[in-house]
Amino acid sequence: MKIRTRLATAGGTALAAGALLAAPFAAPASADSVSASHAAAYRAEPPVFVQSDNVDGNTVVAYNRAADGTLSQAGVYPTGGLGGVLAGSVVDHLASQGSLSYDAASRQLFAVNAGSDSITVFDVRGSDLRQRQVIGSGGSFPVSVTVHGDAVYVLNARNGGSIQGYLRIGGGLLRVPSWNRSLGLDSTLTPEFTHTPGQVAFTPDGSKLVVTTKANGNNIDVFAVNRFGAISSAPVVTPQPDAVPFAVAFDARGRLSVAEAGPSAIARFRIARDGSLTPVDLTPTGQKATCWIATTGRSTFTGNAGSATVSGYRSQHGTLTATGLTSTDAGTVDSAASSDGRYLYTQTGAAGIVDEFAINHDGTLTAIGSVTVPGGAGGEGIAAL
């Protein structure tokens, strides 16, 4: 969905945005800059990016991926904002999925700065990041960001929750005031980390925007998106009583998969043109705190924070078949699969470690190593190219 830059609400301020778009390379905070050997490595295999969500200064850590899938640190890039911590959280300070989002079409990376109510736009060149822009999130405590074509939306967790949309012009973002929607959640409910929204995500075709509310309503909200990127005034709401819908992913057929923390299960739905959801199946994981989910090809993986495991599933004739349970370091949170479907990288929040796995032909996982993210304990947000 390529958004036309003639949108009436944005056109008059496009020139004013120009001054925000150009910025020098963000110098890596680590002493080790990207070396010639790193450059050779990222030409061979796409990199992996991990967000620290550090409250003293949020960073994105870049990793080169070797041919065997193992990672080596290439640079640490400040976002120009601060990380944040939701009350009650231990290993998952943002209690969300999608806080770091990569757009292959534009080769841009988007990071949320929960502690400073902003998002950062990076241009990506291999494992190098060029900081292009830092812009306000249009709300309080951003936790998730999604992109399709020239439309970008961020999910703000506090003050009842909200989503804010942006139009991408010249590689930078222009906030569109009319693309803001309050979620109207109850901000007095506790603990905070289970009662704030979990994720915002475009459907694969860009025609809808999906938001999960976790225990604050136990709803899956679906907004319609028009060809310019504007969303409907109100969503179609599908209640999931006691399910705590947390994170979402989409399979190869465009079906919606939701990690539901209440029953610790994967709920799958078909999305109708009007935004209504039809249940397909519900698959319990048998684990504790199934909150995160990633898909690649026919494989689905869930992060189970309370069990320190990843549950694997393979789609067989439209149903999910378990492929095994794999142990991780403590505090399993967000995961990302490489674009070639060969590797899975899983954040574990207790010590800020990323566990590395090879995805076998049958969907099982083989551990191949791990790396520690500088300042990344409790952090969330991972993107594998």
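Analyst: A residue is called buried when its relative accessible area is under 20%, exposed when this is over 50%, and partly exposed in between. The model discussed here is predicted. By that rule, both Arg268 and Asp251 are buried.

User: What makes the contact between Arg268 and Asp251 a salt bridge?

Analyst: The rule asks for a side-chain nitrogen of Lys or Arg within 4 Å of a carboxyl oxygen of Asp or Glu. The N to O distance between the side chains of Arg268 and Asp251 is 3.8 Å, which falls within 4 Å and therefore satisfies the rule. Arg268 belongs to strand β18 (residues 265-271), whereas Asp251 lies in the loop between β16 (245-250) and β17 (256-260), so the pair ties together parts that are 17 residues apart in sequence.

User: Which salt bridge does Arg255 form?

Analyst: Arg255 forms one with Asp251, and their closest N and O atoms are 2.8 Å apart. That value is also within the 4 Å limit, so the name applies. Arg255 and Asp251 are both buried.

User: How many salt bridges does the rule give in total?

Analyst: The count comes to 10. Salt bridges also link Glu45, Arg65, Asp340 and Arg342 in a network.

User: Why is the pair of Arg158 and Glu192 said to tie parts of the chain together?

Analyst: The side chains of Arg158 and Glu192 meet in a salt bridge of 2.8 Å, N to O. Arg158 is in the loop between β9 (151-156) and β10, and Glu192 is in the loop between β11 and β12 (199-202), so the pair connects parts that are 34 residues apart in sequence.

User: Are Arg158 and Glu192 buried or exposed, or partly exposed?

Analyst: Arg158 has 28% relative accessibility, so it counts as partly exposed. Glu192, at 19%, counts as buried, because the limit for that class is under 20%.

User: Why is His148 called buried?

Analyst: Its relative accessibility is 15%, which is under 20%, so His148 meets the definition. His148 is located in strand β8 (residues 142-148).

User: What makes the approach of Pro204 to His148 a polar contact?

Analyst: A polar atom of the His148 side chain lies 3.3 Å from the backbone oxygen of Pro204. The cut-off for a pair of N or O atoms is 3.5 Å, so this distance falls within it.

User: How do you know that β10 and β11 pair?

Analyst: Pairing requires at least two bridges between the strands. Strand β10 (residues 162-169) and strand β11 (residues 172-182) are joined by 7 bridges and run antiparallel, so the requirement is met. Leu167 stands opposite Leu174 in β11. The two strands form a hairpin with 2 residues between them, and Gly170 in the turn has a positive phi of about 60°.

User: Why does Leu209 count as buried?

Analyst: Leu209 has 0% relative accessibility and therefore counts as buried. Leu209 is found in strand β13 (residues 208-212). Not counting residues up to four places away in sequence, Leu209 touches several residues, among them Thr146, Tyr153, Ile163, Phe202 and Ile231. Leu209 and Ile231 are 22 residues apart in sequence, while their C-alpha atoms are 7.8 Å apart in space.

User: What describes the protein chain overall?

Analyst: The secondary structure comprises 3 helices and 28 strands. Of the 385 residues, 58% count as buried. The chain exposes about 14100 Å², of which carbon and sulfur atoms supply 53%. Among contacts between residues at least 6 apart in sequence, 51% join residues at least 24 apart.

Definitions and conventions
Residues are numbered from 1 along each chain as its sequence is written. This is a predicted model: local features need pLDDT of at least 70, side-chain atom pairs count only at pLDDT 80 or more; totals for chains, interfaces and linings use all residues. Side-chain values use heavy atoms; hydrogens and water are left out. Helices (H or I, at least four residues) and strands (E, at least two) are DSSP runs, numbered from the N terminus. Buried means under 20% relative accessible area, exposed over 50%, partly exposed in between (1.4 Å probe, protein chains only). Contact means heavy atoms within 4.5 Å. Accessible areas come from the Shrake-Rupley method with a 1.4 Å probe; for residues, only the protein chains shown count as cover. A polar contact is a pair of N or O atoms within 3.5 Å; within protein, one must be able to donate a hydrogen and the other to accept it, and residues adjacent in sequence count only if both atoms are side-chain atoms.
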